[in-house]
Number of protein chains: 4
Amino acid sequence: MESAVKRIGVLTSGGDAPGMNAAIRAVVRTAMKNSIECVGIRRGWAGLIAGDICPMNSGSVSRIINRGGTILYTARSDEFRTPEGQKKAANTCKLLGLDGIVAIGGDGTFRGAQDLSRFGVSVVGVPGTIDNDIVCTDYTIGFDTAANTAVECIDRLRDTMQSHERCSVVEVMGRHAGYLALYVGVAVGATAVLVPEHQYDFEKHVAEKIRAARLGGKTNFMIVVAEGAASAMDVGKEIKEHLGLDPRVTILGHIQRGGSPTAKDRVLATRMGYEAVRVLAEGMTNRVICVRDDQIVNVDIDEGLAMKKTLNAEEFEVMTVMTGV
Amino acid sequence: MESAVKRIGVLTSGGDAPGMNAAIRAVVRTAMKNSIECVGIRRGWAGLIAGDICPMNSGSVSRIINRGGTILYTARSDEFRTPEGQKKAANTCKLLGLDGIVAIGGDGTFRGAQDLSRFGVSVVGVPGTIDNDIVCTDYTIGFDTAANTAVECIDRLRDTMQSHERCSVVEVMGRHAGYLALYVGVAVGATAVLVPEHQYDFEKHVAEKIRAARLGGKTNFMIVVAEGAASAMDVGKEIKEHLGLDPRVTILGHIQRGGSPTAKDRVLATRMGYEAVRVLAEGMTNRVICVRDDQIVNVDIDEGLAMKKTLNAEEFEVMTVMTGV
Amino acid sequence: MESAVKRIGVLTSGGDAPGMNAAIRAVVRTAMKNSIECVGIRRGWAGLIAGDICPMNSGSVSRIINRGGTILYTARSDEFRTPEGQKKAANTCKLLGLDGIVAIGGDGTFRGAQDLSRFGVSVVGVPGTIDNDIVCTDYTIGFDTAANTAVECIDRLRDTMQSHERCSVVEVMGRHAGYLALYVGVAVGATAVLVPEHQYDFEKHVAEKIRAARLGGKTNFMIVVAEGAASAMDVGKEIKEHLGLDPRVTILGHIQRGGSPTAKDRVLATRMGYEAVRVLAEGMTNRVICVRDDQIVNVDIDEGLAMKKTLNAEEFEVMTVMTGV
Amino acid sequence: MESAVKRIGVLTSGGDAPGMNAAIRAVVRTAMKNSIECVGIRRGWAGLIAGDICPMNSGSVSRIINRGGTILYTARSDEFRTPEGQKKAANTCKLLGLDGIVAIGGDGTFRGAQDLSRFGVSVVGVPGTIDNDIVCTDYTIGFDTAANTAVECIDRLRDTMQSHERCSVVEVMGRHAGYLALYVGVAVGATAVLVPEHQYDFEKHVAEKIRAARLGGKTNFMIVVAEGAASAMDVGKEIKEHLGLDPRVTILGHIQRGGSPTAKDRVLATRMGYEAVRVLAEGMTNRVICVRDDQIVNVDIDEGLAMKKTLNAEEFEVMTVMTGV
């Protein structure tokens, strides 16, 4: 990895995701092994504007591969959405002599990277978001941990629902995408799963599923709702009103964002962080690191952000068959 | 354990708690080893009224020691609160030739046991409730699992609160008792803990704690609220209004009731289930199995229910010192 | 899924893997939804020879999606390796009127499926083995759970190694393939990783890695060894002899085989089980269900077994860079 | 807590235990709240001799309540067993102006505290050892986490033993005391449990238990062995030779020492750490902090170390009844 690149920055931006620390660690260690200096930028793009930096070395990233959250903090920045803000951020790069930035986050983060690229700063994005909604990559860091956390919580709920022969409605994350809800719903053997990609129809998607399960002998029911598909509270009310059950509603919320990352999130974060430095060292810019077919590749950010990710049709079909039993 | 007792019943009643299955298993296996027949009664006191029974043998309780919930189901019964209901339940015992009943549950369950005793049925109670609010025993089955579940969830929340430098308000179970909130609050290093035993004072119990932590350098705050102390939503609103922070509110709810029981819950449930059969076999009735100073003992139910459990004063003092830093 | 297929069998064979139960559940439920009768065959190919069967319905597979192991048991069979044994197994299929068999297991299981196919029985294989060593599929059921279990155990070891400033040698599964060791080693941030695919060289693969880490400031070291690469005990002895450290050796063993399956193992097992029935219903035989690029596909067994899976070269390169720091 | 005490030290010694960090945190924070300066002594008594110290403040103990191991490191010291070593350690206290030491560890640590007391240094011990073998206290920090770790590992083993209908022999910690093995054995529903307090008799303690379980319909068996009771390897060999089974042997080893502490370990460590500072502040010395009947008390070290802890007779009796089924 011979390179003209001498000093790079690394930041996390947008919502945090388990595995971000493993990615930071890989960026720092790969840089060091290649004699590239690495600077930590705290609180995302806002921190780049403000020059909120910290030196990074091998010790700074010790013992963080298994820690949730991000040691570099994260924040959203309105100022960075303006050309003035972007200019300030680019100036910080100039002042510090940064030859490139690794930006870990979701699509908002990558749009920021596009903007900054226009000011002549080399930027490479690493997909870190529990939503797994970035179309150019099979996988985004944090999704696996979030899914397992939701599954563990719902397994617990299932215990008490079985004992009391009750109905449970659980809201999982996913404002615009039902990928997490679909995945979690299949994993817990849900009675019904509601995703934002399909227009919510209580009779068809909930009532008939519960009836089929009850007729099949079940006395407890688990409804998994993506937050963007319907309000779990409202679904609970409809179940009470139309089916006469007394459901318990649970909103998992931010619990899904934290926790020690799973093996998958640590491994992919490490591989992606490594690749990000390699790509910068080769002089590329405006790239996103992706995983496709278990290979790490890099694609143009503009390309990667051009499309909207859709639900896996086959997985959705399987869910449809498996629910309501 | 020579005994005139030939056949007993076992039931779970009230809210379920992790470890109830381990207690059922111990009751069944201890009975069998002593040549006492054991009948499972489903859905608590309501099931006893209805004669909702199932035969139990060694195989019925295989592989359940590590399962949350209760294989005998649980329910609340209004009918059993009436003398007519109690008489029906006593008749079921007569019909089935039950020489005694092991009733696993909380104080409501024990009050039912008292009632049934008056109709000449021998009953022994085993304390199974995540609230740990029964005064005669140091410990009730399920509390340890519930506490660990809450702690794991809050550890996850803490990750993301640190990354985003935010405030979190978490509501844990405890309508009348703050024991769980206090315990969990100490275990997670909460910034503040609110319990129903102390009149809620936002300025003193929340605002000053957050300020002290902020002045000490902290930028994230964790407020643990027992559901009986205040509404977590309202606490969140006050924090926003009076302190200008933007807190995230999480209500753990029924997640706390489920999950594979901890080692402690399994061991104590086993020891208590064993003792319950021993006590019945000795011809005693109207007893509650308790643990005191790590010894299993049995006390009169009336005595055990006479007092209200108060917070551990020393633990509360420790919490007061440890919070707000 | 209109089909001439009326009755199928399902079995698990070879070493068990977490997620096998989720696959069995999917096979049974998909069959039922398509009015195909499903028979459980216990103890793998041996059970097919012996006619060791049990009827399966929706209730038989309730509450098993989250359970480790296999409710159908598993066993190895020498008899099935002989043409006589295979003929007996084929006769059982004839006797029972089975139009097809879903066989869940590893490459040994698939070789058995090939053999049985020759006797005119339709067989479809579902890859279930923690080794992830089947070349035609990106993933085999159980690997993710095994990897996470190993990572959790090593995280615990790391705590005490840090406190005592010690060296740890951990042996993970993988007699012929180092995929698990490589993955786990990257996930825990190991000091060194030994895989059977590379000739073991103590000086280069262990001593230099430990020295580099010590020179970089580390005082505890974690060596991950695939069982096929070297004996963990021997590696420990060499470390003691040549480096003067006093390492602790741990052999994870069968702990890695059990436990509640992760979200990924449950979801892929469900999708694969569904596809296996679909493929049989379409009249195909001698197929293996695979996942490629997150899509479920089916390939010819002979093709799938023809090649040997090699280590992911890029992941190995990343490991090489990340270790010894 | 008005006090003449101005500066104290805190150290961890002997084998590490989960919860030690929570105790350190409580010591430091309680000291600070009472305007007592706190110095960290690294690597136990050896560090006190060497003057291996670090300043401690509120920030030093941030985010450690949930971390296994000890941030102060731990070590064994031969030199400290000599009067010369003890004198050197006492001199360090003099040099640094330490008015007292909180020593967190097991009985070896407390013997060191006794020795140091004789040189005029005030010492208070906090029991931190996974063995729970200190007679003056109902509980020692770390036991609960170790027990839950062992139970989780054995639950996993159980999955695969059931699938393969096999016998498993698991060695848990406990060189001189069988308390952990007994507790874990009851919690996992073991077929047999071997403890060092009872002379090992293969025929009675293992063979008859396995036979009884087999006759009762079981096809998998779990034998839990305390390391001091017998060699798990030898037990495995005897099972193979005398019963013709092919058992799998697992030695849990140091996995049991690590991991994020359970709620109980965090809460008791916090309460004990608080009390240790209170006791020092009151001018007491040569005390051990104990928990009895869920109250924190302090007793004279000499008294506390005088007796040997015996197994809980009632728990042993329960185990005897519950095994072999």
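**Note on the chain contacts**

1. Helix H9 of chain B, residues 263–281, packs against H5(D) with the two axes 9 Å apart and at an angle of about 85 degrees. Angles of 65 to 115 degrees count as roughly perpendicular, and H9(B) and H5(D) are therefore roughly perpendicular to each other. The model is a predicted one, and the values that follow should be read with that in mind.

2. On the chain B side of this helix pair, B:Ala263, B:Lys264 and B:Arg266 of H9(B) meet D:Asp144, D:Ala147, D:Asn148, D:Val151 and D:Asp155 of H5(D). Sorted by class, the residues of the contact of H9(B) with H5(D) comprise three nonpolar, one polar and four charged.

3. Chain D also faces chain C, and here 31 residues of chain D are in contact with 31 residues of chain C. The area buried between chain D and chain C comes to about 2600 Å², with carbon and sulfur atoms giving 50% of it. Within chain D, the residues that lose the most area to chain C are D:Arg156, D:His254 and D:Ile255, which together account for 26% of what that side buries.

4. Four salt bridges are counted between chain D and chain C. D:Arg156, one of the residues of chain D that lose the most area to chain C, has its side chain in a salt bridge with that of C:Glu152, at 3.8 Å from N to O. Across the interface of chain D and chain C there are also 19 residue pairs in polar contact, both residues being at pLDDT 80 or more.

5. Which elements of chain D each supply at least two residues of the side that touches chain C? They are helix H5 (143–164) and strand E9 (248–251), and H5(D) gives the most, with 11 residues. The side of chain D that touches chain C has, by class, six nonpolar, 16 polar and nine charged residues. H5(D) thus appears in two settings, since H5(D) packs with H9(B) and also supplies residues to the side of chain D that touches chain C.

6. Between chain C and chain A, 48 residues of chain C are in contact with 48 residues of chain A. These two chains bury about 4100 Å² between them, 53% of it on carbon and sulfur atoms. C:Lys33, C:Tyr274 and C:Met322 supply 14% of the area that chain C buries against chain A, more than any other three residues.

7. One helix pair in this interface joins H9 of chain A (residues 263–281) to H11 of chain C (residues 313–322), whose axes come within 10 Å and cross at roughly 80 degrees; that angle makes H9(A) roughly perpendicular to H11(C). The contact is made by A:Val267, A:Thr270, A:Arg271 and A:Tyr274 of H9(A), together with C:Glu314, C:Glu315, C:Glu317, C:Val318, C:Val321 and C:Met322 of H11(C). By class, the contact of H9(A) with H11(C) has five nonpolar, one polar and four charged residues.

8. The count of salt bridges between chain C and chain A is six, and one joins the side chains of C:Glu315 and A:Arg271 at 3.6 Å, N to O. In addition, 20 residue pairs are in polar contact across the interface of chain C and chain A, both residues at pLDDT 80 or more. Several elements of chain C each supply at least two residues of the side that touches chain A, including helix H1 (20–33), helix H6 (179–188) and strand E11 (295–300). The residues of that side of chain C divide into 17 nonpolar, 14 polar and 17 charged.

Terms used: Residues numbered from 1 in each chain as written. Chains lettered and ligands numbered in written order. Predicted model: local features only at pLDDT ≥ 70, side-chain atom pairs only at ≥ 80, totals over all residues. Heavy atoms only, no water. Contact = heavy atoms within 4.5 Å. Buried area = accessible area lost by both parts, 1.4 Å probe. Polar contact = N/O pair within 3.5 Å; in protein donor to acceptor, adjacent residues only side chain to side chain. Helix = DSSP H or I, 4+ residues; strand = E, 2+ residues; numbered from the N terminus. Nonpolar A, V, L, I, M, F, W, Y, C, P; charged D, E, K, R; others polar. Axes fitted to C-alpha atoms, helices over the stretch in contact; angles between N-to-C directions. Parallel < 35°, antiparallel > 145°, perpendicular 65-115°, else oblique.
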